[in-house]
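Biologist: I am new to this structure and would like a close look at a single part before anything else. Please begin with one strand, and then lead me outward from there at a careful pace.

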Protein chains: 2
Amino acid sequence: MNDYISTTVSERDHPLTPEAIRLIATIDEAGSFAAAARVLGKVPSALSYSVRQLEDALDVLLFDRASRTAVLTPAGRELLVEGRRLLLEMDAVASRVKRVASGWEGQLAIAANALMCPHTLLDLVDAFYAQRDTARLPPPTRIRLRQEVLSGTWEALLSGAADLAIGVDADDTRVSGVQVEALGDIPFVFVVAPHHPLARVAEPLDPAMIRMHRAVAIADSAMKLSPVSRNLLPGQDVLTVPTLDMKIDAQLRGLGCGFLPEARVRAHIEAGRLVAKATGEDKVARFAIAWRSAGQRGRALDWWLQQLASPRTRRALLEGVPA
Amino acid sequence: MNDYISTTVSERDHPLTPEAIRLIATIDEAGSFAAAARVLGKVPSALSYSVRQLEDALDVLLFDRASRTAVLTPAGRELLVEGRRLLLEMDAVASRVKRVASGWEGQLAIAANALMCPHTLLDLVDAFYAQRDTARLPPPTRIRLRQEVLSGTWEALLSGAADLAIGVDADDTRVSGVQVEALGDIPFVFVVAPHHPLARVAEPLDPAMIRMHRAVAIADSAMKLSPVSRNLLPGQDVLTVPTLDMKIDAQLRGLGCGFLPEARVRAHIEAGRLVAKATGEDKVARFAIAWRSAGQRGRALDWWLQQLASPRTRRALLEGVPA
DNA sequence: TGTAGTCGTTCAAATAATTTGAATGATGAT
DNA sequence: ATCATCATTCAAATTATTTGAACGACTACA
């Protein structure tokens with residue numbers, strides 16, 4: 001008999017069912033087994049049975065039965081407190097699942113080119129979560145925003161790490177199975193600090209002259225696709241930094257030269273902290289958004305694509321001008 | 001009849017029982033209802049019935065049955081991910097309840113770095129269960145021992161999958177809420193098979209020379225934390241293997257070169273099966289143990305921390321020398 | 001102290017839920 | 001086209017839970 005009970009109990013891996021937790025909570029709230037039975041419309045022996053099942057499975061006494069009315073043990077009290085929290089978690093999970101079933105994605109991974117205005121991106125995330133449905137709930141989709149550089153933006157999409165890429169190179173059409181939509185252009189200017197030697201060289205700057213000075217480059221964030229190097233001359237010394245902001249800062253300090261998005265350095269140029277130098281060619285980069293066309297689209301991706309279709313939003317992303 | 005069904009379903013407030021979640025996870029892992037039934041030792045119709053019960057209760061389709069093998073819907077996938085997390089929470093609550101009752105945890109999950117001596121770990125488990133209380137019973141805590149590689153050891157602790165991490169990188173201090181205690185160092189040696197080309201190259205080996213030969217690396221077991229790559233030179237060909245033993249074996253076969261714990265290959269070197277080569281730098285990795293500091297500690301974790309404080313035990317873990 | 005009311009448990013019968021075994025239609029590979 | 005394997009249907013078999021009745025124990029009150 002004892003062996004039989006032991007075997008049955010040890011095979012019950014997960015005794016903490018929602019019903020079991022609810023039962024403990026109801027007994028506590030009603031004040032006794034008998035009162036709880038009345039509340040639940042059951043007979044007291046049903047509660048006795050269920051509590052015993054749970055106690056045996058946990059190998060823990062949850063109620064002290066020395067007095068007439070059963071009293072929660074410290075362990076029982078712990079289960080009550082923690083169990084209530086679990087019930088809330090379960091409700092939340094069930095709610096999430098239902099909402100995902102209704103069209104929302106569980107998560108949406110967005111890879112944004114580092115040249116896109118970060119402020120605008122966060123505005124979009126804010127607006128996304130500001131949405132309210134009929135139940136006054138925000139979208140359940142967890143947004144995972146990541147920043148990429150150069151071909152890292154494409155790679156994130158192709159590798160499946162991202163569901164939406166904002167700021168892929170529009171001239172770098174790579175693969176089928178992907179939808180692409182033009183976003184706009186970013187004009188670049190070649191700039192140096194006022195105290196940099198090239199600041200005093202006659203324009204347009206000769207490539208041979210540029211080559212004699214260190215360039216500042218942002219490290220491509222791509223891990224697998226071939227790294228892309230832009231506007232670097234063969235044999236040129238390069239200072240590599242991880243972010244666009246650091247590239248701007250390095251050039252402000254005169255550590256090197258290179259092209260930067262005009263909109264991002266306009267204020268520095270007007271304030272005389274940077275000097276624009278003509279190189280005899282206009283540098284303009286064309287950007288697009290891209291997403292995988294296979295499968296059904298969720299409501300979250302739909303929402304983002306709709307926002308990104310707005311010319312004002314596009315300009316804000318490209319130029320940092322408030323939308 | 002239809003009213004009857006509807007009434008029954010709508011009264012099922014908490015369909016997310018642990019068994020239901022486990023069932024979804026098992027079906028996903030096994031790849032199909034039929035395979036999962038085989039794993040669980042049940043008939044397929046039992047699974048069909050249970051999944052239907054859950055789907056009806058949630059009013060959500062969890063599987064797409066359009067093809068021969070049922071495929072998780074996005075909502076089903078969401079339930080799988082969130083449900084797994086809930087199971088961990090339930091385990092944690094049950095463990096805490098047991099600890100409040102008796103002082104012993106319900107279970108103790110230990111993530112051990114693959115470089116820790118497996119024999120010593122099992123000696124410790126043996127010693128743990130050899131304990132006897134006044135009733136001559138062993139500790140009731142179920143030990144769950146898992147092996148991790150590189151940042152996977154940290155991740156197991158941070159994700160809640162492990163209560164104790166043995167062999168985290170001591171130089172990789174990651175987060176608060178975690179207690180860390182130094183364990184010791186493991187010296188590495190660069191070795192190749194006697195018939196490997198590098199065996200005859202003059203020492204110390206030049207990095208450029210090393211780069212021309214395939215390296216053998218262990219795949220990081222971390223899923224979420226950034227993967228860690230150690231001692232690989234840029235552009236080097238890499239053979240990736242899942243375990244340390246396979247790395248040793250691959251290098252014994254001359255499939256590649258790389259660093260290995262000195263203590264683990266000492267016998268191979270002395271027997272001439274591997275040749276140690278100086279590279280001009282000493283490779284030493286520093287390890288620690290880590291556990292979450294929140295909440296009250298149970299007797300099982302206390303016991304393990306006490307054992308791991310012993311210098312003899314530490315040396316045995318790090319070097320495979322009997323404690 | 002005695003009495004009444006109410007508590008939680010035991011136990012076997014009744015009821016409900018889950019599992020099984022067999023048959024079936026459908027998919028996917030060859 | 002054939003075969004293997006998938007998931008489902010359905011009713012019987014099995015298991016789990018609930019019920020109703022009886023009982024011992026406690027608590028409050030006269």
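**A strand, and outward from it**

Modeller: In strand β7 of chain B, residues 215-218, A215(B) and A217(B) point one way while V216(B) and I218(B) point the other way, and all of them are buried. In a regular strand the side chains alternate between the two faces of the sheet. Please keep in mind that this is a predicted model. The neighbour to look for next is strand β8 of chain B, residues 238-241, which pairs with β7(B) in the parallel sense over four bridges; within β8(B), V241(B) is the bridge partner of I218(B).

Elsewhere in chain B, R292(B) and D163(B) meet through their side chains in a salt bridge, at 3.2 Å from N to O. Because R292(B) lies in strand β11 (residues 283-292) and D163(B) in the loop between α7 (152-158) and β5 (164-169) of chain B, this pair ties together parts that are 129 residues apart in sequence. R292(B) is partly exposed, at 33% relative accessibility, and D163(B) is also partly exposed, with a relative accessible area of 23%.

Two details of the backbone in chain B can be found in loops. The peptide bond from E203(B) to P204(B) is cis, with omega near -5°, and P204(B) sits in the loop between β6 (178-192) and α8 (207-211) of chain B. D59(B), although not a glycine, has a positive phi of about 60°; D59(B) belongs to the loop between α4 (44-58) and β1 (63-64) of chain B, and at 67% relative accessibility D59(B) counts as exposed.

From chain B we can move across to chain A. There are 31 residues of chain A in contact with 29 residues of chain B, and the two chains bury about 2800 Å² between them, 69% of it on carbon and sulfur atoms. On the chain A side, H14(A), V93(A) and V97(A) lose the most area to chain B, and together they account for 22% of what that side buries.

Charged pairs also cross between the chains, where the count is five salt bridges. One of these brings together the side chains of R96(A) and E82(B), at 4.0 Å from N to O, and a network of salt bridges links E89(A), R96(A), E78(B), E82(B) and R85(B). Four residue pairs between chain A and chain B are in polar contact, with both residues at pLDDT 80 or more. Helices α2 (18-30) and α5 (74-101) of chain A each supply at least two residues of the side that touches chain B, and the largest share of that side, 18 residues, comes from α5(A). By type, the residues of this side of chain A divide into 16 nonpolar, four polar and 11 charged.

A further salt bridge is formed by the side chains of E82(A) and R96(B), with N and O 2.7 Å apart. E82(A) lies in helix α5 of chain A and R96(B) in helix α5 (residues 74-102) of chain B, so this pair joins two chains. Are these two residues buried or exposed? E82(A) is buried, with a relative accessible area of 13%, whereas R96(B), at 24% relative accessibility, counts as partly exposed.

Methods. Residues numbered from 1 in each chain as written. Chains lettered and ligands numbered in written order. Predicted model: local features only at pLDDT ≥ 70, side-chain atom pairs only at ≥ 80, totals over all residues. Heavy atoms only, no water. Contact = heavy atoms within 4.5 Å. Buried area = accessible area lost by both parts, 1.4 Å probe. Polar contact = N/O pair within 3.5 Å; in protein donor to acceptor, adjacent residues only side chain to side chain. Nonpolar A, V, L, I, M, F, W, Y, C, P; charged D, E, K, R; others polar. Buried < 20%, exposed > 50% of the residue type's maximum accessible area, 1.4 Å probe, protein only. Pairing = 2+ DSSP bridges.
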